[in-house]
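I pulled up a two-chain model today and kept notes as I went. Here is what I looked up, in the order I got to it.

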Amino acid sequence: MLTIPQALFEKMTRHLEAGYPYEACGILIGEVDDPLQPRDRRVRDVILVANAWDEVNERESRHNRYLISPDEYVKADREASKRGLDIVGVFHSHPDHPSQPSEMDRSQAWPGISYVIVSVRDGKATTAQSWLLRNERDAFEEESLIISH
Amino acid sequence: MSITIRIPTPLRPYVGGAKEITGHTGTVAEVLAALSSTYPELKRHLFNEEGKLRSFVNVYVGDEDVRYLQGPDTPVPDGATLSIVPSVAGGAAPSPVAAETSIAHLSNDEIRRYSRHLILPEIAISGQKKLKQASVLLVGAGGLGAPAAMYLAAAGVGHLGIVDFDVVDESNLQRQIIHGQSTVGKPKLQSAAQRIKDINPFVEVTGYEEPLTSQNALRIFADYDVIVDGTDNFPTRYLVNDACVLLGKPNVYGSIFRFEGQASVFWAKHGPCYRCLYPEPPPPGLVPSCAEGGVLGVLPGVIGVIQATEAIKLITGIGEPLIGRLLLYDALEMRFRELKLRKDPACPICGEHPTVRELIDYDAFCGVPSRNGAAQEAGHGVPEITVQELKQRIEAGLEKTNTILIDVREPYEWQIAHLDAARLIPKGEIQNHLHELSQADEILVHCRSGARSADVVKFLINDVGFRKVKNVKGGILAWAREIDPSMPVY
């Protein structure tokens, strides 16, 4: 289960809408209930990240690819540590696509963190779903995404 | 002599929940090897099936990415921190149509027409606009191209291109449902365009009434987002593949034979290409064409519609494309199977060090005589007899001249039409009947078109050592055409 406060959820979706028609992305930092078998993740902050895909790949594919660079990851990790928090997940948009993970998402994913995917259609965020990669790396499982007030 | 290893959140469950672990100095490779032997579960998340560091795993020593130092040989000195850093990537399914181009407008007529699409949230207005904006090229308007073109037109693909220079023949109508009795004898392009316009007048059709060649393929393909390969021969299939790889376009592949079909999406940017699957063409003649081997009429319908489905998915970017998967369909068992395909790093066109950088002579590559008629003229390089000569020999009496006529077709072909003077020995069984043949006799061999019988003539002369063997040029088709028009042709 991933819990995200309403204000942070809106910060996240605004960032993703602003990135349309390209994919946009970011990092979720917060707390987990149990580092060995994390079940509950609570988002405490949202870190907006530039989609680094076009730096390493052809620019044209940025509308259906995202990349959070390792440098951004290290920065977010440091920021989280400073505040006694952890990286609990990442988020990205699927412009004009459903909020379900693609084969590309699966093959590049990590277990143990939440993958929030938001479908952005014609510039407006529509559905959001959160996914966890199975340990076997063979598939994603949906987890509940709770927006708290 | 200790170092600190920093573990990212996703991997902490595999190291007892620790954020940091103490290790021994060494190179990056040594530190990671020691780490994975202590925590075997960690290993598969760090390394791929080939034992290489996963492409989205980065290793930092201090603040430096080891890729910019000495890679796996980078030393990790006493007191240093080695960080394992994931870079996180992914994205929606790849789409050949650029996102910014979704400017197409749908009229009220179009909205009514496509309403069943528009109420699917996965397609909706934005997907339908992408379809309208898209252009798809069908190579061939035959068995596969016919159903694919009809469904793509119905779905609202804005621009369809068709390459075909054939004429509609009655024997096409058992499967090529885009054509009909009223268009027999007309160019397939004209017949297909007529049917497409009837299905959906909003579709623009461009016809290329010419064979696809190394000279025109890149020019023709350049205007299209997706190429649908509906060809029935290996030279064109390799040509379509190579042109798609060179232009970075997706190739929606389908092929059929008898009761079985295959389909895949070859898109070198995102997965393997046709050459990764079949680096070399089969020896000529080993794989018979549908004209020789037959095909269940409904089979290309199934495969062609799968191709249309994949093209629509690529354009709208929904679902999982058949990239990296070969779908096999068996109509008799009514079963689908799936094979995983890998990109071949040594692939001559899409691999790491490509040797094919432009289109080549595909007839030569596939070992077939070029299609400009030289095949018939060259006569397969074996001694030949024409059907007129054969007629005279039969009328004179074959026994009188110690001549025997062998039909090397299959029994079911014999049932359709045969020459009374011939004796049936199917090509595959010829070896078991050699003792019945005499070196002293003259042996005339025929099949349907003269191709299989030429192979048998070659075999009898080169491998068995017979001398007086001749191929009946043009086979039973030539007989039907020139001697006995009442004979059914197939």
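These entries go through the chain contact, the sheet, the cores, one helix and one loop residue.

**Entry 1: where the chains meet**

I kept in mind that this is a predicted model. I started with the contact between the chains: 38 residues of chain A touch 32 residues of chain B. Which elements of chain A supply at least two residues each to that side? I found strand 4 (66-68), helix 3 (70-82), strand 5 (86-95) and helix 4 (103-108). Strand 5 of chain A gives the largest share, seven residues. By type, I noted 19 nonpolar, 10 polar and nine charged residues on the chain A side.

I then looked at strand pairing across the two chains. Strand 4 of chain A pairs with strand 8 of chain B (residues 88-90), antiparallel, over three bridges. I checked one residue there: A:Ile68 has B:Val88 as its bridge partner.

**Entry 2: the sheet in chain A**

Next I traced the open sheet of eight strands in chain A, which runs in the order 8-7-6-5-2-3-1-9 with mixed pairing. Why do strand 8 (140-143) and strand 9 (145-148) of chain A each have one side without a neighbour in the sheet? They stand at the edges, each with a single partner strand, so one side of each stays free of a neighbour in the sheet. From one strand to the next, I read an average twist of 35°.

At one of those edges, strand 7 (residues 124-133) and strand 8 of chain A pair in the antiparallel sense over four bridges. I picked out A:Ser130, which stands opposite A:Glu143 in strand 8 of chain A. Helix 3 of chain A packs on the sheet and touches strand 2 (25-32), strand 3 (41-49) and strand 5 of chain A. Its direction makes about 135° with that of strand 5 of chain A. So helix 3 of chain A turns up twice in my notes, as it also supplies residues to the side that touches chain B.

**Entry 3: the cores**

I looked up the largest nonpolar core, which has 66 residues. Which residues have the most contacts inside it? They are B:Val136 and B:Ala149. Helix 12 of chain B (residues 299-316) gives the most to this core, with eight residues. I followed B:Val136 and, leaving aside neighbours within four places in sequence, listed its contacts, among them B:Leu152, B:Tyr224, B:Asp225 and B:Ala311. Another core lies apart from that one, with 45 residues, including A:Leu28, A:Ala80, A:Ile113 and B:Ala89.

**Entry 4: helix 9 of chain B**

Helix 9 of chain B (residues 234-247) has 14 residues and reaches 20 Å from its first C-alpha to its last, close to the 20 Å expected. Is it largely enclosed or largely open? I counted 12 of its 14 residues as buried, so the rest of the structure largely encloses it. The buried ones include B:Phe234, B:Arg237, B:Asp242 and B:Val245. After the helix comes B:Gly248, with a positive phi near 70°.

**Entry 5: B:Phe202**

Last, I went to B:Phe202, in the loop between helix 7 (188-199) and strand 11 (204-208) of chain B. It has 17 C-beta neighbours inside 10 Å, so it counts as partly exposed. Leaving aside neighbours within four places in sequence, B:Phe202 is in contact with B:Glu110 and B:Gly156. I also noted B:Lys132, 70 residues away along the chain, with its C-alpha 8.9 Å from that of B:Phe202.

Conventions: Residues numbered from 1 in each chain as written. Chains lettered and ligands numbered in written order. Predicted model: local features only at pLDDT ≥ 70, side-chain atom pairs only at ≥ 80, totals over all residues. Contact = placed C-beta atoms within 7 Å. Nonpolar A, V, L, I, M, F, W, Y, C, P; charged D, E, K, R; others polar. Pairing = 2+ DSSP bridges. Expected span 1.5 Å × (residues − 1). Buried ≥ 20, exposed ≤ 12 C-beta atoms within 10 Å, placed from the backbone. Core = buried A, V, L, I, M, F, W, Y, C linked by C-beta atoms within 7 Å. Axes fitted to C-alpha atoms, helices over the stretch in contact; angles between N-to-C directions.
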